[in-house]
Structures are given as C-alpha cells and as structure tokens.
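Student: I should like to understand how terms are justified for a structure such as this one. May we begin?

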Amino acid sequence: MHPLPDSHNRPERETRRERPKALLPRRVGPKRQPARITRAELRSGWAWLREFPHRAWVLLAWLWRTERRRTLIVLAAAIGVAAFMGLLGTGGREIWEILLTLALGALVLAVSTDHRIIGGVVVTVLALSLVGTLAGPRWNPQPVTDSLTPVTADTTIGGTVATAAVGTYEFETTTITITQADGEEVPALLRRPIGVEGDTPGVVFMHGAGTHGIWGFTEQGEALASAGVTTLVPSKPMEDYSTTERNYLTMAADYQRSLDYLIALDGVDSEAVGIYGESEGAIPGVVLTAEDDRVAFLILASAPVVRLREQAALAVDTYMRNVGVPEAMLTLIPRVLGSARIPGGGFEYADFDSVAYLETISVPILMLYGTADASMPLVQGPTTVWNALQTGGNDQFTVRYYDGANHGLKLGITTDGSLAPGVTRDLSRWVAGLPETADAEPHVAGATPTQAYWAQTPDPTRWYASGDLMLATLIVGFGLMVLAGLVWLLGQGPRLRGRRGLHLPDPIGRWAVSLCLSVTAAWVLYVVYILGVASLATSYRTNHLFSYGGWVVVQLVAVLAVVMLVKVVYRARLMRAAAHAANRERGEKGRWLTIPAAGVLTAVLIGAAVLLVAIAYWGLFPMLV
C-alpha cells in the first residue's frame with residue numbers, strides 16, 4: 001500500500017480567481033426590429049410624400065409621351081365604365097369617388113416600387129375610405145325653406161272670453177286607482193278646484209319617455225286646477241313598454257280608462273274633457289283623440305309629430321352640429337337609424353305614423369314648444385299638424401313658442417326648475433276659455449323658432465349592415481384575434497417539458513401582437529369618442545379640442561393599425577419567399593410555418609382586416625368627397 005502523500009508536499013491548487021477564463025465568442029445576431037413605427041420608417045414616409053407629386057407627374061408625362069394611345073384607351077374605358085354604372089343607377093358622386101380611388105391607388109403603386117410598405121399603406125387606407133364612403137347610406141338632410149313666423153312675441157291667448165287666472169282657486173289632491181284595459185290597476189293623481197260654480201273642464205295627462213309616475217306634470221296640473229280645471233295624472237301604462245318594444249295603440253286604450261273616469265266624475269263637464277300629451281305621450285294622445293269622439297280638445301307639448309325615426313335623425317343631427325363634429329361623423333345617422341333591424345330586433349314603433357290619425361281630428365289643438373328644444377322639429381311639427389287638419393277642414397289650431405325653453409318647457413339645460421314664463425298662464429286660459437279660445441288670434445305667437453333641416457327618414461342600410469350581421473362582424477373579428485391568442489398560449493405548453501412550442505418567427509410574432517393591440521385600441525378609442533360626443537351633446541356643451549382633436553387621434557390610431565397590418569403581410573410574404581427559395585436550393589420541401597403557427601397568423605390577419613373594414617364603415621377613415 002502506497003503511503004499517503006504528505007499534505008505539506010501537495011501542489012497548491014489554483015484559486016477561482018487565478019484560473020484562466022475561457023474566452024467564448026459572442027453570438028452576434030440580427031438586431032430585433034421594434035414592434036412599432038420606427039424613426040427610419042417615418043423619415044422614409046416623409047421622403048415618399050415629398051417625392052410623390054414629382055414622381056407622379058414624371059410618370060404621367062412619360063405615359064403621355066410614349067404610351068399616348070394606350071392612355072387614351074384607358075381613359076375611354078374609364079368613361080365607358082362610368083356610363084355603365086350610371087345606367088345601373090349609381091350616382092355621379094359615387095362614380096367619381098370610385099374612379100378617383102382606383103386611379104389614385106394605381107398611381108401610388110406605380111411610383112412606390114422602392115417604398116412598398118408606404119405604398120401599401122396608402123392604397124389600403126384609400127380602399128378603406130372607399131368602403132366608408134360607399135358601403136352605407138349618406139346623410140344629406142334637406143334644408144328647411146318654409147318658415148313659421150309668429151305674429152307677435154306675446155304668447156298670451158287671445159279672445160274676449162273671461163277666464164280665471166292661475167291661482168284663483170284652492171284645490172284638493174286625491175290619489176285614486178284606475179283599472180287599465182288589461183285589467184291592471186294603477187294609481188292616478190286627481191286635482192280638483194274648490195269653490196268653482198258649475199262643472200269644470202277636465203284634462204288627462206299622458207307621459208312622455210322621461211316620466212311615468214303620478215307626480216309628473218306638477219306645475220301644469222296645479223296651475224290648471226287653480227284656474228278651475230280638474231286634472232288627472234295616471235301612471236304611465238308600462239305594458240309591453242321597453243326600449244325595443246312599444247305599442248301606442250295599447251297605450252291609448254289604457255289611457256282611455258282614465259278618460260272614462262274623468263268624464264264620469266261628478267262636477268266635471270263631460271263634453272269639456274281633453275288630453276295633454278307631452279313628447280312621446282303626444283302619439284297615444286293623437287290616437288285616442290282620433291278614435292274617441294268624447295275628447296273635446298288636444299294639447300301637444302314638445303310633440304315630435306313626425307315618425308320617431310325621423311325625429312331621432314333630426315335630433316342627432318342638431319346635437320352633433322351644435323357640439324361641432326367632423327362631417328364624417330354625420331354618416332352615423334343613416335347607418336344607425338337607417339337600419340330596418342338592429343341586433344336583437346325591435347324598434348318597430350320608430351316608424352309609427354300619426355298623420356293618418358291627425359287627418360281625422362276635428363277638435364281644437366294647442367301646440368307648445370320651447371325654442372331651445374334641439375330634439376324636436378319646431379317648424380315641421382306644427383306645419384305637419386296644420387296640413388293634416390286642413391284635410392278635414394279643421395282650422396282650430398294654436399301654436400305657442402317660448403323663448404329659451406327646453407324640451408320640458410323649462411329654462412336651462414335640465415328638466416328641473418320652473419316652467420318658462422307664460423306657459424301655465426297660456427295653458428290655463430286656452431283650456432278654460434274653450435270653445436272661444438279655439439280659434440282666437442293670434443294662432444302662432446312667441447319667439448321665432450329655428451329648424452335648419454327637415455326631419456326625414458334616413459336612407460336604408462344594405463343587407464350586410466342591418467340586423468345581427470353587423471354585430472356578428474364584430475364578434476368574428478375580435479373572436480379570431482382572441483382565438484389566435486389562446487392557441488398561441490396553448491402552444492407554449494410543450495416548452496414546459498423542454499420541447500419546442502408554437503413559434504412565429506421574429507418579428508412576425510411581435511408585430512402580430514402590435515397589430516391586435518392597435519386595432520383594439522382604435523375601436524376602444526372610437527367608442528370612447530362617441531360616448532364623449534354624446535355627453536357633450538346631452539349637456540349642451542362644446543369642446544372642439546375633444547370633438548375635432550379626439551377624432552384625429554382615433555384616426556391616427558386606426559392608420560397605425562393599417563401600417564402594422566401592411567408590415568406583417570409584407571414581411572410574411574418576404575419570409576415565405578426566402579424560406580421557399582432556401583428549400584429549393586437544398587432540394588427540400590417544407591413549410592415556412594407549422595400548421596398551428598400559420599393558423600394563428602391567419603386568424604390575426606383576418607380578424608384585424610374584418611375589424612378595420614367594420615370601423616371604416618362607421619366613417620373613421622377619411623371620407624372621399
């Protein structure tokens with residue numbers, strides 16, 4: 001056995017610090033391209049924009065010099081196509097926009113051989129703007145040329161008949177129960193003047209969309225009662241009443257039970273009971289007045305008169321113009337309100353026409369409007385009523401406009417507060433003074449109303465933009481992108497076991513993520529912008545920095561999404577061609593992407609393209625004019 005070596009004679013070991021370090025060569029790979037627009041790309045784009053006019057002019061001049069005959073043939077073909085489209089019923093403006101877009105797109109591609117991405121972005125934006133211009137109806141409201149000029153600014157009801165002023169009588173208030181046509185019992189508030197000699201006139205109030213309880217119309221009811229008129233405010237009939245479903249004939253039948261009660265009430269003149277219908281309540285009011293001969297008069301306060309679809313189109317147009325929005329935003333009006341069906345169905349009541357009922361009415365009518373009511377056809381409404389009454393030879397028509405009053409006939413921008421000066425005075429005198437006040441001069445009085453455009457039915461949307469198809473488009477677009485993300489995440493499972501997972505080559509993977517995020521951001525910002533404009537409109541405020549600046553921001557984000565889409569498609573095309581070329585050199589066959597990876601990329605591209613086309617339909621890309 002060998003003796004153990006002496007520990008004192010052992011050679012000293014090298015410490016870690018004294019060991020020589022192995023110098024390994026550093027891997028040098030290609031620099032990762034950022035998943036955003038780079039400064040170099042911006043400089044290249046700016047250079048292209050500066051050079052485009054010169055390049056386009058040089059190309060066109062060269063074609064004219066060297067290919068004049070072919071150029072003339074192309075122009076003649078374009079004229080022929082335009083003539084053929086005209087024969088098919090296409091409008092001149094649409095024909096011009098189609099030919100202009102095609103010509104500009106071809107020119108961009110021709111002069112962008114060294115700027116493929118920029119040229120592709122410009123052509124894609126042009127195509128999307130063409131979709132936004134032609135895929136749906138336009139909004140071209142007709143200006144109001146007729147005028148309804150008040151004879152005097154004094155709204156006082158004329159005539160020589162003496163009537164009690166507001167506040168003359170005390171009144172008592174009682175809550176009663178009304179059994180509606182369907183058998184449901186609802187509360188109603190009855191106000192009766194105290195100390196009036198003889199029977200009193202009566203008024204049944206009908207609610208608009210904003211009220212439904214018995215404590216609505218408090219000022220009107222108390223003023224009438226104190227002037228010697230019995231009033232009844234029933235609860236609003238809510239049977240089959242929702243945002244999407246409303247039946248005005250059923251509502252009229254339910255309100256008729258309140259009319260029955262008031263006519264049969266002791267102390268009320270059964271031949272002097274009428275209806276006060278406010279806003280949407282004017283519709284069942286007109287129906288009941290036309291169908292029940294016992295109705296002695298009709299008061300229409302802030303009444304739409306026209307179909308609700310037409311009134312809504314006018315209201316949105318007026319609100320948007322008051323806020324101040326880009327012209328492209330107005331295309332939302334026909335593309336939303338022109339749809340015969342919406343996702344989930346409903347809204348058939350928006351096309352209910354009251355004119356046929358108005359033509360049969362022979363009793364006196366009083367119309368009340370506030371000149372600050374931006375939602376109602378202040379000129380068209382009374383004009384429509386007057387023309388309808390003339391069909392039956394009814395001249396008992398009175399209109400009053402209250403300066404600065406809103407939709408609730410109150411001053412300011414809310415429905416809180418008191419009624420505008422003169423409303424209760426004129427209302428009470430007109431009712432109490434009937435029949436003498438029915439045709440008393442002046443028929444039209446008050447502040448001068450303004451209505452810029454006629455309330456009109458928007459042109460109908462096409463089949464692909466009506467009903468559930470539009471909602472399905474959004475679901476498909478976002479669904480494909482979400483599905484791509486889920487498949488990619490599941491494809492990373494093999495990495496946990498040390499195997500290769502689903503992989504998209506760089507920079508395709510990162511750019512695809514940026515594409516999804518930019519498209520989603522464009523839609524989110526667009527919705528936020530719409531909600532912001534709606535908030536400004538309903539609060540009667542303006543903010544041009546938001547309404548115009550916000551629109552530009554949303555458009556820039558949408559254009560960024562287009563840039564990412566073009567970059568992903570172009571890079572995928574280059575990488576696919578390079579992979580196939582390498583396979584040919586090696587004499588091999590193979591895919592440049594695995595089937596799962598190709599499915600993920602395809603889902604992203606199709607989803608993004610669908611969402612960009614959908615947002616183009618809603619006018620986000622610059623409209624061609």
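Tutor: Helices, of at least four residues, and strands, of at least two, are DSSP runs, numbered from the N terminus. In this predicted model, Val-305 is found in the loop between strand E6 (298-301) and helix H8 (308-323).

Student: What makes the phi of Val-305 worth noting?

Tutor: Phi of Val-305 is near 65°, which is a positive value in a residue other than glycine.

Student: Why is the group of Asp-182, Glu-184, Asp-240, Glu-245 and Glu-348 called a negative surface patch?

Tutor: Asp and Glu count as negative, and patches are made of residues with over 30% relative accessible area and no salt bridge, with like charges joined within 9 Å. Asp-182, Glu-184, Asp-240, Glu-245 and Glu-348 form such a patch, and therefore the name applies. One of them, Asp-240, lies in the loop between strand E4 (230-234) and helix H6 (248-264).

Student: Which peptide bond leading to Pro-435 is cis, and where is Pro-435 placed?

Tutor: The bond from Leu-434 to Pro-435 is cis, with omega near 5°. Pro-435 is in the loop between helix H12 (423-432) and strand E9 (444-446). Pro-442 also lies in the loop between H12 and E9, and the bond from Glu-441 to Pro-442 is cis, with omega near -5°.

Student: How confident is the predictor in the chain?

Tutor: The chain averages a pLDDT of 86, and 92% of the residues score at least 70. Over residues 1-30, however, the pLDDT is below 50.

How values were computed. Residues are numbered from 1 along each chain as its sequence is written. This is a predicted model: local features need pLDDT of at least 70, side-chain atom pairs count only at pLDDT 80 or more; totals for chains, interfaces and linings use all residues. Side-chain values use heavy atoms; hydrogens and water are left out. pLDDT is the predictor's confidence in each residue, from 0 to 100. Contact means heavy atoms within 4.5 Å. Patches are made of residues with over 30% relative accessible area and no salt bridge: like charges are joined within 9 Å, nonpolar side chains (Val, Leu, Ile, Met, Phe, Trp, Tyr) within 5 Å. Accessible areas come from the Shrake-Rupley method with a 1.4 Å probe; for residues, only the protein chains shown count as cover. A salt bridge is a side-chain nitrogen of Lys or Arg within 4 Å of a carboxyl oxygen of Asp or Glu. The place of a charge is taken as NZ of Lys, CZ of Arg, CG of Asp or CD of Glu.
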